[in-house]
Amino acid sequence: MRMLKKILSVMLTGVVLVTATGCVDQHPEQSAGGDTSQESRIVATSPSVADICDRLGIELVGVCQTSGTLPDRYKDVTQVGLAMSPDMEVIKSLNPDYVLSPNSLQSDLQPKYAAIGVKSLFLNLKSVEGMYASIEGLGEKFGKQDEAEKLVAEYNTFIEDYKKKNEGKESPRVLVLMGLPGSYIVATESSYVGSLVKLAGGINVYGDGDGQEFLNANTEDMKTKEPDIILRAAHALPDDVKKMFADEFSQNDIWKHFKAVQEGRVYDLSYDKFGMSAKFNYPEALEELQLLLYAD
C-alpha cells in the first residue's frame with residue numbers, strides 16, 4: 001500500500017497549466033516561435049515522449065532509461081534516468097534548451113527543472129486526443145509541422161473508421177481497476193486507460209472523476225455502480241498484479257455479488273497496451289477493448 005501511495009502521490013496532483021496545444025511551457029516569455037529541433041538541444045524523460053520525438057524526427061541529446069525499448073535513433077544518446085525520477089545533474093550537464101516530460105508528472109518535476117535553470121514542456125499524455133494535441137504543439141514549436149500533420153491525419157482516419165464499428169450498439173457500463181501488488185484503485189475517464197474505454201464506447205461508472213485520474217473507492221461503493229464489465233490493469237509488475245487481482249476476486253466475498261463476475265465479464269488488460277501514458281499502439285488497445293466490450 002505504501003508503494004502505491006508513493007507512486008500515486010505524483011499522479012493524483014492536478015496539472016497547473018495546460019495550453020490548447022497540450023503542451024506547457026515553464027518559461028513562455030523565453031519561448032517565442034522560431035525554434036527548430038535542429039537548433040535546440042532536447043531531452044525526453046519518458047518512453048512515450050521519446051516515441052513522439054522519433055515520429056516527428058526530432059533529435060535528442062538526452063533520453064530516459066527504460067526496461068523496454070527506445071527508438072533506434074536514440075540508442076547512443078545519454079540516458080538521464082527513469083521517467084519518474086530523472087537525474088537532474090545529468091540533465092543539467094547536457095545543457096538542454098528544453099526538457100520534455102508527461103504532464104502527469106508536472107507538479108513533481110517542474111520545480112526541479114526550474115531549480116537547475118532548464119526550460120520544460122509538459123505533454124498531455126492522459127488520452128490519445130491529448131497526445132495528438134501535444135504532437136501538433138511540438139510540430140509547430142520545432143519546425144515539424146508536416147510530420148505532425150501526417151500523424152494527426154492518420155489518427156483521424158483510424159478513429160473515424162473505428163467508431164463506425166460501434167454505431168447503434170448499446171454502450172456497456174465499465175469499472176476499471178488499476179493495481180499494484182497488494183492494492184488497487186479506480187481508474188476514471190481522466191486516466192489513459194479510462195480514456196481508451198471511452199473511445200471504445202464504454203461508459204465509465206465513475207465518470208471523469210472530476211478531473212482526477214484515479215480514485216480510492218471501497219468495494220461496497222463499486223457494487224452500487226453495478227458495472228456490466230470489470231477491466232483490470234497493472235501500473236507495474238503485471239504478473240504480480242494479475243495474481244493479486246485473482247486472489248482478491250476469489251477471496252473477497254463481495255465480488256461474487258457483482259453481475260459482471262456472475263456473468264464472467266471480468267478481464268485483465270494487456271500490460272503493454274494499457275499503461276499510464278498514451279502511446280502509438282492505441283489501435284491495438286482499442287481492438288482489444290472491442291472484443292471485450294462487445295463480446296456476444
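## A salt bridge along helix α9

Lys243 and Asp247 sit four residues apart in helix α9, so about one helical turn separates them. In this predicted model, their side chains meet in a salt bridge, with N and O 2.9 Å apart. The general background is familiar: an α-helix has 3.6 residues a turn, so residues three or four places apart point the same way. Side chains of opposite charge can pair when their charged atoms come close.

How exposed are the two partners, Lys243 and Asp247? Lys243 has a relative accessibility of 53%, and because the exposed class begins over 50%, Lys243 counts as exposed. Asp247, with a relative accessible area of 27%, is partly exposed.

## The two faces of α9

Let's step back to the helix itself. Helix α9 runs over residues 238–251, and at 1.5 Å a residue its 14 residues should span 20 Å; the C-alpha atoms at its ends are 20 Å apart, so the expectation and the model agree.

Which residues of α9 are buried? They are Val241, Met244, Phe245, Glu248 and Phe249. These residues cover an arc of only 125° around the axis, and therefore lie on the same side of α9. Turned away from that buried side is a face carrying the exposed residues Asp239, Lys243, Ser250 and Gln251. Lys243, met above as a salt-bridge partner of Asp247, thus belongs to this exposed face.

What do the buried residues of α9 pack against? Their partners include the strands β9 (173–180), β10 (183–187), β13 (229–234) and β14 (266–268). The helices α8 (219–225) and α10 (259–262) also take part in this packing.

## Salt bridges beyond α9

Now for the other charged pairs. The count of salt bridges comes to twelve. One of them joins Lys259 to Asp228, with the closest N and O atoms 2.8 Å apart. This pair links distant parts of the chain: Lys259 lies in helix α10 and Asp228 in the loop between α8 and β13, 31 residues apart. Lys259 counts as partly exposed because its relative accessibility is 29%.

Another salt bridge brings together the side chains of Asp253 and Lys256, at 2.9 Å from N to O. Asp253 is partly exposed, at 45% relative accessibility. Elsewhere, Asp54, Glu59 and Arg73 are joined into one network by salt bridges that share partners.

Key
Residues numbered from 1 in each chain as written. Predicted model: local features only at pLDDT ≥ 70, side-chain atom pairs only at ≥ 80, totals over all residues. Heavy atoms only, no water. Helix = DSSP H or I, 4+ residues; strand = E, 2+ residues; numbered from the N terminus. Expected span 1.5 Å × (residues − 1). Buried < 20%, exposed > 50% of the residue type's maximum accessible area, 1.4 Å probe, protein only. Arc of directions from axis to C-beta. Contact = heavy atoms within 4.5 Å. Salt bridge = Lys/Arg side-chain N within 4 Å of Asp/Glu carboxyl O.
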